[in-house]
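Please take me through this structure, one site at a time. I am new to it and would like to know where to look.

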Amino acid sequence: MLEIKNLNLHYGMIHALRDINVKVNKGEIVTLIGANGAGKSSTLRALSGLEKASSGEILFEGKDIAKNPANEIVAMGMSHVPEGRRVFANLTVYENLELGAYLRKDKDIKKDIQLILDKFPRLRERLYQRAGTLSGGEQQMLAMGRALMIKPKLLLLDEPSMGLAPIIVKNIFDIILEINKNGTTVLLVEQNAHAALKIAHKAYVLETGSIVYEGDAKSLLEDDTIRSAYLGE
Amino acid sequence: MEIIQQLLNGLALGSVYALIAIGYTMVYGIIKLINFAHGDIYMAGAYFGYVAVARLNLGFIPALILAMTLSALLGIIIEKVAYKRLRNSPRITLLITAIGMSLLLENGFRLIFGPNPKPFPELLKTKIFHLGSLRINNIQLIIFAVSIVLVIILEYIVFKTKTGKAMRASSYDIEAAKLMGINVDKIISLTFAIGSALAGAGGILVGIAYPRIEPYMGIMPGLKAFVAAVLGGIGVLPGAMLGGLVMGVAETFTKAFISTKLSDAIIFSILIVVLIVKPDGLLGKQIKEKV
Amino acid sequence: MSLLKANNLTMQFGGITAVSDFSIEVGENELMGLIGPNGAGKTTVFNMLTGVYKPTKGDINFAGEDITGLKPYDITRKKAARTFQNVRLFKDLSVIDNVKISLTYQIKLGLFESILRTPNYYKVEKEIHEKAMKILEIFKLENKSEEYAKNLPYGEQRRLEIARALAASPKLLLLDEPAAGMNPQETQELMELITWIKEEFKIAILLIEHDMKLVMGICEKILVLDYGKILTVGTPDEVKNNPEVIKAYLGEEG
Amino acid sequence: MKKLKNLKLILGIVVMVIYSIFFLLIQTGALNPYYGQILIVLGINIILAVSLNLVIGFTGQLALGHAGFMSIGGYTAAIMSLNYNLPFFISLVIGGLVSAVIGFLIGMPILRLKGDYLAITTLGFGEIIRVAVVNMDFLGGPRGLAGIPKKTNFTWVYFITLFTVIIIYNIIRSPYGRAMLSIREDEIASESMGINTTKFKMMAFVIASFFAGIAGGLYAHQFMFLDPKSFDFLKSFEILTFVVFGGMGSLSGSLMATTVLTYLPEVLRTFAEYRMIIYAASLVMLMLFRPQGIMGNKEINLAHIKEFILCKLLRKCKKKGGAFNVTIEG
Amino acid sequence: ACGGKKEEEASVIKIGSILPLTGDIATFGESSKNGLLILQDEVNEAGGINGKKIEFLFEDDENKPASSASVAQKLINNDKVVAIIGSIASKCSIAVGPIATQSKIPMITPTSTNPKVTTQGGEYVFRACFIDPFQGKILAKFSAEDLKAKKAAVLYDVANDYSKGLAEFFQKGFEEAGGEVVSVETYNTGDSDFNAQLTKINALKPEVLLLPDYYNTVGLIAKQARSTGIDAIFLGGDGWDSPDLFTVGGDAVDGGYFTNHYSPEDTSPEVVAFKEAYEARFESVPSAFSALSYDAGKILVAAIEKAGSTDGEKIKEALKATDITAVSGKVKYDADRNPIKGAVILKTEAGKQKFFKKINID
Ligand SMILES: Nc1ncnc2c1ncn2[C@@H]1O[C@H](COP(=O)(O)OP(=O)(O)OP(=O)(O)O)[C@@H](O)[C@H]1O
Ligand SMILES: Nc1ncnc2c1ncn2[C@@H]1O[C@H](COP(=O)(O)OP(=O)(O)OP(=O)(O)O)[C@@H](O)[C@H]1O
Ligand SMILES: [Mg+2]
Ligand SMILES: [Mg+2]
């Protein structure tokens, strides 16, 4: 479904990504882990068109999208929940969810909003509040809910569990599993590597801009070097 | 009786400010840019109207449509040329380019049409309505009506349509808006087009009401419209209308009952007092940053 | 003796009551945790305690003084400093300048002394510099002292924020989710750092965190907030096994 | 410490040499009064730009009424010279002080406003000052105040400009300056770090008003004539342009930008009626080309210049070999 | 101070001209420029001055005094002009005057009416127009004596010195003549809505209303005044002189009177020749700005001719002794270097200016 070939990214003088190769098959959950500043977020930003890659190919369903603007990539079916929540602070919770369905033309929008509110009851209580006044965790839920509204084929998640209460963290990973069962492919970036590896099929480890390890998630969980470096054990 | 006549005068003047302020606030509300060139687009609109009528012999409605279209086009061009590349720059940089564009338009039109003021052709016959000793003319009424209708339409667009939501989303976070599939460039162009078309319409209507147009005519009304927009709460459409009317009435009453010499100073004093008491303007919502 | 004592704090935003009847007591050199579901009102409590919001109701007593309604800078001067949930560094300033700014209120130097560059100016600037460097060393940021704050990786930004708060010489340090965005390894280091700071500087710390390993690992006492109200207060073990806390916050597996 | 003294000495010599060269050029007529006048205007503009930069670039408060303070200082100094025959320098200082006091009075209510709201109120105050002057007959009203003695000359302007830059530089490089910068960066965080933001904003605003007043006094005694229209909001914008084009928060940037933008309109005189078009277009282009301004928020590093002089000119390189370029400090 | 000067002297006589070619009153700058261009051609076609051609060097001062001063320095020091014509607004001329005098370069302002221009400027500064008190007095006397008005109102631009000057001297004169000024109202440059002031004025029913501003604003005011119900007779000064008065004001300005330097119906050869040349070249009727600039140039040319030299001091002396007939009539200078000349009163009728009366004042 998604194939990244020799992707390079520069921020001015900084060479943030070096020859990244990643492959995500349809129906998989793939996770990307690594220390702070390794380039996880940069990878996702390059995929969704927020940053322009300096070289390399990004094949989405066989088509090279490296040069397409972000909004077109969304229209093709790839959506990205960026780092730092990025909810529309001046809009209400409800409007934020509606905007998730900006490109959708079907009639289920209202129904889907209800489904999402069922998943995050906290948001229902805050439905007509401006998103900017939500607590950090509430914003994180909203960002997730908004991305689900897009109903993408491929969902890119950047640290979706950050700042969430333990009970909600669990909830988030359940939701990821659930949407994956319903056919959405997921590329997940997480600091909570433990939980991420548990639900993922495949994993890549990034270190200062390069992929240093790839393999199926279960084997990573058992790898000692990985455990000590990334799982804090 | 004089006081009521002055109130009418004030409302008439205020609706002129409102008409320009609406476009101002619209653009501000969406891209947070104090578009100092707005007053000059209004001037351009007046000249477009002038050309349409004096050279092409068009009637009121076609002239209006032509002027609005050309102004919208001008607005889009300005945005594409001067503002687009600066979207990620500090806002004050944009303010400077806006000032630069303003100078460019003023001097450009001076070169094309000459510095001499042009009489705006009499597109609509002025009719004065008498109500006892009160007078009000049809053009004043039209401007008033147009401003109100525009506020309602725009308010509907911005708050009730999908495009409007996209506008507001883009105004807050361009990147996140893109991730929703919103074509931000198109939305911003559209915003500029609407704002500029409004300025253009203002140019024609004011041209009819005060039939003297010149290249520098946009500076003061531009400034006053900006003040009106801020007074009402910048970015808030009904605020621009209210701000404009309040300013018109305040200005007229000051001139009528206090001092014509100090009127401008008093207007600004009112603005300052209002902002000190209510830092987000009359209809602005107190938005406290969540920490 | 208690350092901080707040009684019946209530905070309303329009129709929403974010916090109601909240009371807390933090002893000197105590390390206390504040946890609770998202939107429970934890950050709001911090904002009231540090003067960012003025409580709708209630009073706050700090080090024997009533500080209710004081401005944030006054409260900091009375020696309570904080960090923010969304990192709020002075992004375009160097790392060391970020720290130096917190020292500003603690020095005596006239404007004219600065303008005329009197000997005292050089003396004071030197002192500031040395103090700032010392604090950076504690946080292992000394060799990044001239870097722009915005160029630090996220984890280091969080550390710098704590360093900056510590530079204000607080008796009470309020940390809002210091471990968010850190990986387990870094969280581990942070835990050690926090305990060390507490002992070294003999200060009290109030901590908001969703990482249970951290909270349960270092806090002496934990206060649980739910829907703006106190659910329970207790030791980590008490809290961990409180069924209400499990239901509202921890979830079944804990 | 010794290094520092050396640096100061070298700088002092450089400053005096530059002064002497220009002074001689003007005295001998090699630089005719036209260029002499441009230099004086340049100095005045630099004072205006660096002082406004303190408020906008360093403290982050968008103030658009600088021309108003310039006019207060100008008119006050002019009246001091005209009616009380005070010595020039005293007139200037009184002008600056009156401007500072009014800056303080205006600042009190409005400095708690933010962003664009502050911008429009300061702009408003600028206009109020102008309208007030128009209505004061003892200041000449719209006819302007004529017959002010010609006291401004190159020497005065050179040294006052120099002192202004030094003073503002010293403020910035002090705990006061850091406090101001922190307000620009994040006001809420700044307050939470014990900074009384209102106090520092006020300080920046009052200091800037003082220097704007001094600049006004120099202007008055150069052109021997003041009229209210010369200090309208467009003049404030002009000063703002110097600051932004130079780079917000960069004094050396302000210096360069002011130089460029003061000379540009003069250079463009040959284009006659196309002049303002070209000026406006260049302004837009310059900003598109360098949105962060010439220098961004960086300064030219004096230490590097010193090294450059030592190394290249005096051949006393500290570093071994290698090409040397003037670098920019972070 | 070197060789180049001689060479230049031989070929052309350079005259600096400081005008607001951009900015808020660019239109007046352009009218003036046109007047000077007519003169330049005329003089050069007639063989120049003592065989030398003249050339006007136009510089833009944007109607800003600081800019005027700067440009004056440039013209004098870089371009080495022998004299200066300009500027338009008094504030700009006041800024130029002292520089001219100090450099011993004669200057004539075509249109700056503030008395201070010459008194502050020094002995090298002359002008081609009346000064404020003169026009104000004439208008006052005319309203009181010819129109037999008892109640007058004034509406002027506070921020414009010309407008303010006329208003004040009119008021003084009218009250001295026994009339009552019932209302003095103001507005600001650039305003286009005057309903508030006019409503106020209307309530007091004045017989005459003085509108001492330039034609483009007067047209607007007149229109609004009539629709407010004011039926007073409008009065104004030389700023009214332009055909554009009627294009904006329409029939609202009919029936008004204004003072001017000359009448377009005047059959004197100077007027006829100037008008014809102007209409031929610019396809429009000259305004007062064009005529006065033309005159200023003409006065200067005559003085250079008479002085037989381009030496500033000699030209200045010749200027003091000026005695020529220009478009605006006979010109002689008084001790303050203001022209002693008569005025005409014109009446606006059916979109035209008609000669009404000639007035001389001591
Ligand atoms: N806009 C930018 N400009 C310059 N450098 C950047 C920018 N964004 C990221 N970087 C740098 O690129 C590198 C990769 O950053 P990235 O945000 O992708 O890391 P990450 O793996 O997501 O880290 P984290 O876990 O902290 O989110 C870092 O060194 C970072 O400093
Ligand atoms: N300025 C405000 N206006 C309106 N509501 C607010 C405001 N600030 C906070 N709230 C509401 O108050 C509640 C408490 O918010 P707070 O930020 O204190 O939560 P929190 O406990 O820190 O949560 P989290 O763990 O997610 O950060 C939230 O529901 C939020 O929506
Ligand atoms: Mg990241
Ligand atoms: Mg929180």
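Start at ligand 2, in what is a predicted model. One oxygen atom of this ligand sits 2.9 Å from a side-chain N or O atom of Glu138(A). Gln85(C) also reaches the ligand with its side chain: an N or O atom there is 2.8 Å from a ligand oxygen. Gly137(A) uses its backbone instead, with an N or O atom 2.6 Å from an oxygen of ligand 2. On its own, ligand 2 would expose 630 Å², and the protein buries 96% of that.

Who stands around this ligand? The shell holds 23 residues, and those that come nearest are Ser135(A), Gly137(A), Lys42(C), Thr43(C) and Thr44(C). Chains A, B and C all contribute residues around ligand 2, so the site is shared between chains. Two helices each give at least two residues to the shell: helix 6 of chain A, residues 136-150, and helix 1 of chain C, residues 42-49. Sorted by class, the shell has twelve polar, six charged and five nonpolar residues.

Now look for the magnesium ion that is ligand 4. Thr43(C) coordinates this ion through OG1 and Gln85(C) through OE1, at 1.9 to 2.1 Å. These two residues are 42 apart and link distant parts of the chain. Thr43(C) lies in helix 1 of chain C, while Gln85(C) lies in the loop between strand 6 (80-82) and helix 3 (95-103). Are they buried or exposed? Thr43(C) counts as buried, because its relative accessibility is 10% and the limit for buried is under 20%. Gln85(C) is buried too, with a relative accessible area of 10%.

Next comes the magnesium ion that is ligand 3. Its coordinating atoms are OG of Ser41(A) and OE of Glu83(A), at 1.8 to 2.3 Å. Here, too, the pair joins distant parts of a chain, with the two positions 42 residues apart. Ser41(A) belongs to helix 1 of chain A, residues 40-47. Glu83(A) is in the loop between strand 6 (78-81) and helix 3 (93-100) of chain A. Ser41(A) is buried, at 13% relative accessible area. Glu83(A), at 36%, counts as partly exposed.

Both of those residues lead on to ligand 1. Ser41(A) and Glu83(A) are among the closest of the 15 residues that surround ligand 1, together with Asn36(A), Gly37(A) and Ser42(A). This ligand lies between chains A and C. The side chain of Asn36(A) has an N or O atom 2.6 Å from a ligand oxygen. The backbone takes part as well: an N or O atom of Gly37(A) is 2.8 Å from an oxygen of ligand 1, and a polar backbone atom of Ala38(A) is 3.2 Å from one. Taken alone, ligand 1 exposes 640 Å², of which the protein buries 72%. Strand 2 (14-24) and helix 1 of chain A are the elements that give two or more residues to this shell. Helix 1 has the largest share, with three residues. By class, the shell has six nonpolar, six polar and three charged residues.

Leave the ligands and find Lys165(B), in helix 6 of chain B, residues 162-172. What does Lys165(B) touch, leaving aside its neighbours within four places in sequence? The contacts are Leu91(A), Glu95(A), Glu98(A), Leu99(A) and Val158(B). Lys165(B) counts as buried, with a relative accessibility of 13%.

Turn to chain E and its helix 8, residues 195-204. This helix is mostly covered, with eight of its ten residues buried. Among them are Ala196(E), Leu198(E) and Ile201(E). After the helix comes Lys205(E), with a positive phi near 45 degrees.

Finally, step back to the chains. Seven pairs of chains touch, and chains B and D share the most contacts. Chains A and D do not touch: their nearest C-alpha atoms are 15 Å apart. Chains C and E have no contact either, and their closest C-alpha atoms lie 33 Å apart. Chain D itself has 13 helices and four strands. Of its 330 residues, 61% count as buried. Chain D exposes about 12600 Å², and carbon and sulfur atoms supply 71% of that area.

Definitions and conventions:
Residues numbered from 1 in each chain as written. Chains lettered and ligands numbered in written order. Predicted model: local features only at pLDDT ≥ 70, side-chain atom pairs only at ≥ 80, totals over all residues. Heavy atoms only, no water. Near = heavy atom within 4 Å. Polar contact = N/O pair within 3.5 Å; in protein donor to acceptor, adjacent residues only side chain to side chain. Areas by Shrake-Rupley, 256 points an atom, 1.4 Å probe, with all protein chains shown as cover. Nonpolar A, V, L, I, M, F, W, Y, C, P; charged D, E, K, R; others polar. Donors = N, O, S within 2.8 Å, 3.2 Å for Na, K, Ca; no water. Buried < 20%, exposed > 50% of the residue type's maximum accessible area, 1.4 Å probe, protein only. Contact = heavy atoms within 4.5 Å.
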